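Visitor: Could you show me how to read the way copies of a chain are arranged?
Guide: Gladly; let us look together.

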There are 4 protein chains.
Amino acid sequence: MNEARQPGITCQLRVRYHETDAMGIVHHANYLHWFEVGRTEYLRAVGMTYRSLEEQGIASPVIGIRSRYHHPARYDDPIELETWVQAYNGVRLTMGYAVRCAGRLLCSGRSEHAFTDQGRAVAPKRSLPSVHAILSACALADLPLADKADRA
Amino acid sequence: MNEARQPGITCQLRVRYHETDAMGIVHHANYLHWFEVGRTEYLRAVGMTYRSLEEQGIASPVIGIRSRYHHPARYDDPIELETWVQAYNGVRLTMGYAVRCAGRLLCSGRSEHAFTDQGRAVAPKRSLPSVHAILSACALADLPLADKADRA
Amino acid sequence: MNEARQPGITCQLRVRYHETDAMGIVHHANYLHWFEVGRTEYLRAVGMTYRSLEEQGIASPVIGIRSRYHHPARYDDPIELETWVQAYNGVRLTMGYAVRCAGRLLCSGRSEHAFTDQGRAVAPKRSLPSVHAILSACALADLPLADKADRA
Amino acid sequence: MNEARQPGITCQLRVRYHETDAMGIVHHANYLHWFEVGRTEYLRAVGMTYRSLEEQGIASPVIGIRSRYHHPARYDDPIELETWVQAYNGVRLTMGYAVRCAGRLLCSGRSEHAFTDQGRAVAPKRSLPSVHAILSACALADLPLADKADRA
C-alpha cells in the first residue's frame, strides 16, 4: 500500500444496456453491483485482491446496505465511482461509495461487512492480522472522505 | 381495498439459480428485486396495480434503500416475503420488507419512494388523490407491522 | 414420475420490474433465467430436484443456448413457460422452452447440457443410472412436444 | 470509420462478483450482457453510438441468440471480448462474439437483430441509409473474422 496515496480510489464504468429498466434509467439494485466493483478495485489498489482472500478461505459477506439515489443514470453514461473505507473497528468494515456522472452525484451508499475464515465468523483484529493491518491503514488514510460523507 | 384485511401482504418465491453467487448464496442485490416483487403484489392486493399507475404516467422511483442481511438464502429455498407500508406522509412513501425461509428471518429492508406524474415530482396528497387515499389507508392498516419493525 | 403425465411441464411467472430494460420490454438475457426456472420445475415434477443432484456432487452445466424472440414481454405480464426434454442421448441433454403470454408465443429456446460428477465430466448412461433412467423416460414422454418444436 | 482498421473490435472486461453463480463460475446468461457491451463498443468504434441511434428513435432489437460455452470464467478473471459483424443483408444484422481469458476461448456467440424506426420495423437498406452504409462497410471489413467463425 502506497503510503502517499490519496484517500479512496476511483473507477470508471460505462452504463450497460441491461442495467437499465423500463423507466429508461439504471435500476436501483444495479448500483449495488457497482459498489462491489468499487470494493474489488479498492482492495486491489491497496495490495490485497478479494479473489486471493477467497482462495485462502476468507470471505467478507455483506451484512447491510444503505443507498440514496439523487439523480438517475442512463444507458452509456460514463460513471465515476469513488470508494473508500467509511469505518473499520477490527470486527466490522463499512465501505462508502459515491457514484457520479459529469461531476454530479447520482448515488451515495454504504455497505457493512463481517468476516469469515473457512466459513466461521472471525474478527480480523484477532484472526486475520494482515487483513487487519491493511484495513486499519485504509481507515486512517480515508478519514478525510469518511468524515465528509458522515456530515453529508 | 378490503378494510378487514390483515396488515401487510405475503408472497411466496422460490430462489432462482441465477440469483446465487460464488459464495453459494443469494447475492445481496437480488433481495432488492424481491422487495420490488413485494411492492408489485402489495399494490395489486390493495386494488391499484403499479402497471396501471405507469400507464397513467405516474411513477414511484426509489430514492433510498436500507437492508440488513441476517442469514443467507440458497438455491431453491422457498421464500416468504412480507411487505407493508412502513411510513407515508403524503409526499414520501416508505415500504418495509421481511424475507423469511422456514420462519427464519433472512433479510429485512426498507425502500423510500418519491412520486412523479408525467415525469414531474408531485406530492400525492396534493396531486394524486386516489393514490393518496389508498396509501393513507394502507399506512393505517399496517401500523402494527410498522411499529414492530421500528422497534426491531 | 407419473407415467400418465402430459408431455412437458408448464410454469406461471409474472414479469418483474427489474427484468425490463430501457426499451420498456423484458431484456433478452432474462429469458435464459426463466428457462432455468423451467428446468428446476421440470426436474421437480419428474421426481428429481436439481438441488438434490448438486448435493450429491452432480451438476449439469449449460454448454449451449439458442433462443428466438418473437414478441416482447412487458412488466407485470403473466407468463406461461412450457419446458420439455428436446433430446437426450445418454451423454448430452437438450431442453426445449416456449414462453407465452395470453397464448401468444413470445420466445422459444433450447439449452444443451453436459453432466459432471464431483467436477469430472461424465455420461449419465454410464455413470449416473438413476438420472439416465429418468431422463430417458422424459425424452420418450416429451417426444410429441420435441417433434413439434423441431418442425417449427 | 477508419478504413485501415483491423476487422472486429476488442474490449477488456473484468468478471464482477455478482456475475458468478453457485457453481463458482459466471452464469451463462451474463455472457449475453457482455455481448451487448461488445455491440455498444463496436458501434462506437465505427462512429455511430447506439445511444445516438436510440435518441433518433432507431432501435435494433435482438431477435435471436446462439452461444456455446467452452470453458468457465471466474470472479475477477480479465476477459477479452472480440466483436464483429458476422452477416448483414440490408435487413437483418448478425453480430459475432468470442470471449477469451488468457488466450483461451471461453464462449462464442451470435446475436441476430432487426431494426425499428419510431417503433416500426424497417430495412436499413431502404429506410436508414447512413446506418446501412456503415454496417455494409463493417460487414466487408469483418469478412475475415466472419469466415473464420463460420468454419469453426
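**Reading the copies**

Guide: A turn of 180° and a shift of 0.0 Å along the axis lay chain A on chain B with an RMSD of 0.0 Å; copies are superposed by least squares on the C-alpha atoms of residues with pLDDT of at least 70 in both. In chain A, A:Arg66 has the C-alpha nearest the axis, 2.2 Å from it. Of the contact residues of chain A, 100% recur in chain B, so the same surface serves both copies; two residues are in contact if their C-beta atoms, placed from the backbone, lie within 7 Å.

The model is predicted: local features need pLDDT of at least 70, side-chain atom pairs count only at pLDDT 80 or more, and totals for chains, interfaces and linings use all residues. Residues are numbered from 1 along each chain as its sequence is written, while chains are lettered from A and ligands numbered from 1 in the order in which they are written.

Visitor: By what turn and shift can chain C be laid on chain B?

Guide: In general, two copies of a chain are related by a rotation about an axis and a shift along it. For chain C on chain B, the turn is 180° and the shift along the axis 0.0 Å, with an RMSD of 0.0 Å. That is the relation of a two-fold axis. The C-alpha of C:Leu13 is the one in chain C nearest the axis, at 5.2 Å.

Visitor: Which residues is D:Arg51 in contact with, leaving aside its neighbours within four places in sequence?

Guide: Those are A:Tyr75 and A:Asp76. D:Arg51 counts as partly exposed because it has 18 C-beta neighbours inside 10 Å; buried takes 20 or more other C-beta atoms within 10 Å, exposed 12 or fewer, and partly exposed lies in between, with C-beta atoms placed from the backbone.
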